[in-house]
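Labels such as "buried" or "exposed" should follow from a number and a cut-off. The questions below ask how each label is reached.

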Amino acid sequence: MTDTTPQPGQVDLANESVHWEQDLSYGQYLDLDALLGCQQPRSSEHDEMLFIVIHQTSELWIKLCLHEAHGAAAHIRDDNLRPAFKMLTRVARIQEQLIKAWEVLVTLTPSDYMSFRDSLGQSSGFQSYQYRELEFLLGNKNAKMIDAHRGHPQHYDRLAQVLNEPSIYDITLGLLRRRGFAIASDVTERNWAHPYVASDEVEKAWATIYRDTASHWDLYELAEKLLDLEYNFQKWRFSHMKTVERIIGYRRGTGGTAGVKYLVKALDLQFFPELWSVRSSL
């Protein structure tokens, strides 16, 4: 007979009503067998597992970012800002996790990475359709970027859809106009697939909000939530660039980009330009 008496240092679960047999287990609920079966290194190199797990984990976090950001956009469209604030705050916290992930990846040395780099073929984070959808949703519209997904109709069609829909900033500016701010219709009724162009009228609207926060508190808070999102996105981009520089230097990326030089260019992109420029005019 097995002695089940708790030993010193063990936790006694005898009175905890633990469900030792379950109709739905933790592993089943999370579909862990499928999830943990997704890590399939293509080489025998030890460090490839790190590379795969970091990128798969990041894709899961981006999936949650999309879930929350689309939800926030819907609430902003309905002028229901309080739940949008919660969702945007959650996106910012997720972004912190994405930024921290680079600190794990930089434990990969150049020689570690080069030992399995050929196994990647032409695959690259540049081809992440979730990342591209997130950029489109936030406002970095570039129709050329969906060409990499033509061979995958499901992803291509989804990206084309989001490309041609208003970004979260477009939706926000529509709200400002409905609230009575002087914003021209060509700002709020335009071809959504084209990049947003900064407007003096929009900057003046934000200046009014920032100069009288008591009268426009919810819009002021929305502005700061959006700025948090872009601020963290830029930190993520910078950390990405420095991680790539540390591991592969100035080699070309596996997806054909110029690598670090391409990532440096991305640092100049802005989602919500007037939320930055208004700070100089206050």
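A residue is called exposed when its relative accessible area is over 50%, and buried when that area is under 20%; between the two, the residue is partly exposed. The model is a predicted one.

Q: Why is Tyr29 called exposed?
A: The relative accessibility of Tyr29 is 66%. The label needs a value over 50%, so Tyr29 counts as exposed. Tyr29 lies in helix H1, which covers residues 26-29.

Q: Which residues form a nonpolar patch on the surface with Tyr29?
A: Leu24, Tyr26 and Leu30 form the patch with Tyr29. Together the four have about 510 Å² of accessible area.

Q: What makes Asp31 partly exposed?
A: Asp31 has 47% relative accessibility. Partly exposed is the label between 20% and 50%, and therefore Asp31 gets it. Asp31 sits in the loop between H1 and helix H2 (32-36).

Q: What is notable about the phi of Asp31?
A: Phi of Asp31 is near 55°, which is positive, and the residue is not glycine. Most residues other than glycine have a negative phi. Asp79, also not a glycine, has a positive phi of about 55°. Asp79 is in the loop between helix H3 (48-77) and helix H4 (81-105).

Q: Why does Asp79 count as partly exposed?
A: Its relative accessibility is 37%. Partly exposed runs between 20% and 50%, so the label fits Asp79.

Q: How do you know that Cys65 is not bonded to Cys38?
A: A disulfide needs two cysteine sulfur atoms within 2.5 Å. The sulfur of Cys65 is 20 Å from the closest cysteine sulfur, that of Cys38, so the two are too far apart for a bond. The structure holds zero disulfides.

Q: Are Cys65 and Cys38 buried, exposed or partly exposed, and what makes them so?
A: Cys65 has a relative accessible area of 1%. Buried means under 20%, so Cys65 is buried. Cys38 has 44%, and is therefore partly exposed.

Q: Why is Ser199 called buried?
A: The relative accessible area of Ser199 is 14%. The cut-off is under 20%, so Ser199 is buried. Ser199 lies in the loop between helix H9 (185-188) and helix H10 (200-211).

Q: What makes the pair Ser199 and Glu201 a polar contact?
A: A polar atom of the Ser199 side chain lies 3.1 Å from the backbone nitrogen of Glu201. The distance limit for a polar contact is 3.5 Å. Leaving aside neighbours within four places in sequence, Ser199 is in contact with Val187 and Glu274.

Conventions: Residues are numbered from 1 along each chain as its sequence is written. This is a predicted model: local features need pLDDT of at least 70, side-chain atom pairs count only at pLDDT 80 or more; totals for chains, interfaces and linings use all residues. Side-chain values use heavy atoms; hydrogens and water are left out. Helices (H or I, at least four residues) and strands (E, at least two) are DSSP runs, numbered from the N terminus. Buried means under 20% relative accessible area, exposed over 50%, partly exposed in between (1.4 Å probe, protein chains only). A polar contact is a pair of N or O atoms within 3.5 Å; within protein, one must be able to donate a hydrogen and the other to accept it, and residues adjacent in sequence count only if both atoms are side-chain atoms. Contact means heavy atoms within 4.5 Å. Patches are made of residues with over 30% relative accessible area and no salt bridge: like charges are joined within 9 Å, nonpolar side chains (Val, Leu, Ile, Met, Phe, Trp, Tyr) within 5 Å. Accessible areas come from the Shrake-Rupley method with a 1.4 Å probe; for residues, only the protein chains shown count as cover. A salt bridge is a side-chain nitrogen of Lys or Arg within 4 Å of a carboxyl oxygen of Asp or Glu.
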